[in-house]
Amino acid sequence: MMGPQHALSGAATWLAGSWVAAQFFDYPQSATTIAVGAAVCAGGALLPDLDMSGKVTKGQGGSTVSRSFGVASLFVAEVIEKISVGVYTATKLSKDPDRHNGHRTLTHTLPFAALMGFGSIWLCTRYGRWAVIGILFFMFGFALRGLFDKWADRAGWVIVTLTSGAAAYFAFNFLPSENRGYPMIGLAVGVGCIVHLMGDIVTRAGVPILWPIPTGRRMWRMIGLPDTFAIEAGSKVETTVLRTVFTVVSLVAGAGLLAPALLKRFDIEV
């Protein structure tokens with residue numbers, strides 16, 4: 001699945017989950033908290049693709065997320081890709097094919113999603129303000145690159161970086177003061193990563209979601225839909241049908257979350 005659809009699926013999942021939590025588990029959230037969570041989840045839904053590097057010195061290529069902050073993020077993607085292929089090579093079993101790149105390996109696993117989620121909570125709890133702002137900065141930047149891909153391409157990485165920094169600073173100041181939303185931030189990052197895995201599972205290439213459990217002398221078995229049902233990355237089904245579905249889910253869930261507050265504001269009973 002391509003970057004924009006990954007980001008949109010993350011936002012849709014968080015908004016739908018927030019609506020379910022409010023309706024069935026009596027867990028209301030402020031509009032600011034919901035918006036921040038949706039943005040962080042959208043950014044987290046791009047995070048696993050930091051294993052797809054491009055041409056660092058030329059600032060070209062790579063995944064959507066790796067271009068978020070220009071050469072700096074491309075360099076990080078290059079490092080993560082090399083680490084991923086190194087882990088793959090060191091842990092592969094006899095039936096695993098040789099690989100020369102690390103895309104859809106280490107960062108496309110459940111342990112990575114858990115590490116990102118719990119790691120974010122730990123950083124926020126341990127280091128407070130600047131850790132929260134830092135995580136929001138990166139997740140907002142990824143979300144901007146994914147959700148507003150055409151605008152981000154025109155604006156360039158400098159504007160994306162400045163916008164992400166300003167948004168992260170102001171978002172921090174509006175989060176609940178008692179803990180600045182630490183669990184929410186970590187949960188949104190982790191859920192975003194898992195949503196990414198689910199998005200890639202429906203494509204032909206699949207992801208090694210069972211790692212590190214060996215199956216049939218393979219450590220990195222790619223799990224995906226059969227070719228008959230799989231979606232080709234970048235196809236019309238993805239860019240039109242799935243994008244429309246994710247957009248509708250986001251709008252409906254958003255409306256459902258806002259409706260009670262609007263009805264109360266205008267003193268309307270239903």
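This briefing covers two buried residues, a surface patch and the aromatic pairs of one structure. The model is predicted: local features need pLDDT of at least 70, side-chain atom pairs count only at pLDDT 80 or more, and totals for chains, interfaces and linings use all residues. Residues are numbered from 1 along each chain as its sequence is written, and side-chain values use heavy atoms, with hydrogens and water left out.

**Residue T107**

- T107 sits in the loop between α3 (71–91) and α4 (110–127); helices are DSSP runs of H or I with at least four residues, numbered from the N terminus.
- T107 has a relative accessible area of 3% and therefore counts as buried (buried means under 20%, exposed over 50%, partly exposed in between, with a 1.4 Å probe and protein chains only).
- The side chain of T107 reaches the backbone oxygen of P48 at 2.6 Å.
- Apart from neighbours within four places in sequence, T107 is in contact (heavy atoms within 4.5 Å) with P48, D51, I80, S84, F112 and L197.

**Residue Q5**

- Q5 belongs to helix α1 (residues 3–24).
- Q5 is buried because its relative accessible area is 2%.
- The side chains of Q5 and R243 are joined by a polar contact of 2.7 Å (a pair of N or O atoms within 3.5 Å; within protein, one must be able to donate a hydrogen and the other to accept it, and residues adjacent in sequence count only if both atoms are side-chain atoms).
- R243 is also among the contacts of Q5 outside four places in sequence, along with E238, T239 and F246.

**Nonpolar surface patch**

- F148, W151, W157, V158, I159 and L162 form a nonpolar patch on the surface, with about 590 Å² of accessible area together.
- Helix α7 (residues 157–174) gives the largest share of this patch, four residues.
- V158 lies in helix α7, and its relative accessibility of 42% is why V158 counts as partly exposed.

**Aromatic pairs**

- The whole structure holds nine aromatic pairs (ring centres of Phe, Tyr or Trp, the last by its six-membered ring, within 6.5 Å; planes under 30 degrees apart are stacked, over 60 edge-to-face and the rest tilted).
- Y88 and W220 form a tilted pair, 5.3 Å centre to centre with 45° between the planes.
- This pair links distant parts of the chain, 132 residues apart: Y88 is in helix α3, and W220 is in the loop between α8 (182–201) and α9 (236–265).
- Y88 and W220 are both buried.
- The ring centres of W122 and Y127 are 5.9 Å apart with planes at 85°, so this pair is edge-to-face.
- F69, F137, F138 and F142 are linked into a cluster by ring pairs.

Conventions
Helices (H or I, at least four residues) and strands (E, at least two) are DSSP runs, numbered from the N terminus. Patches are made of residues with over 30% relative accessible area and no salt bridge: like charges are joined within 9 Å, nonpolar side chains (Val, Leu, Ile, Met, Phe, Trp, Tyr) within 5 Å. Accessible areas come from the Shrake-Rupley method with a 1.4 Å probe; for residues, only the protein chains shown count as cover. A salt bridge is a side-chain nitrogen of Lys or Arg within 4 Å of a carboxyl oxygen of Asp or Glu.
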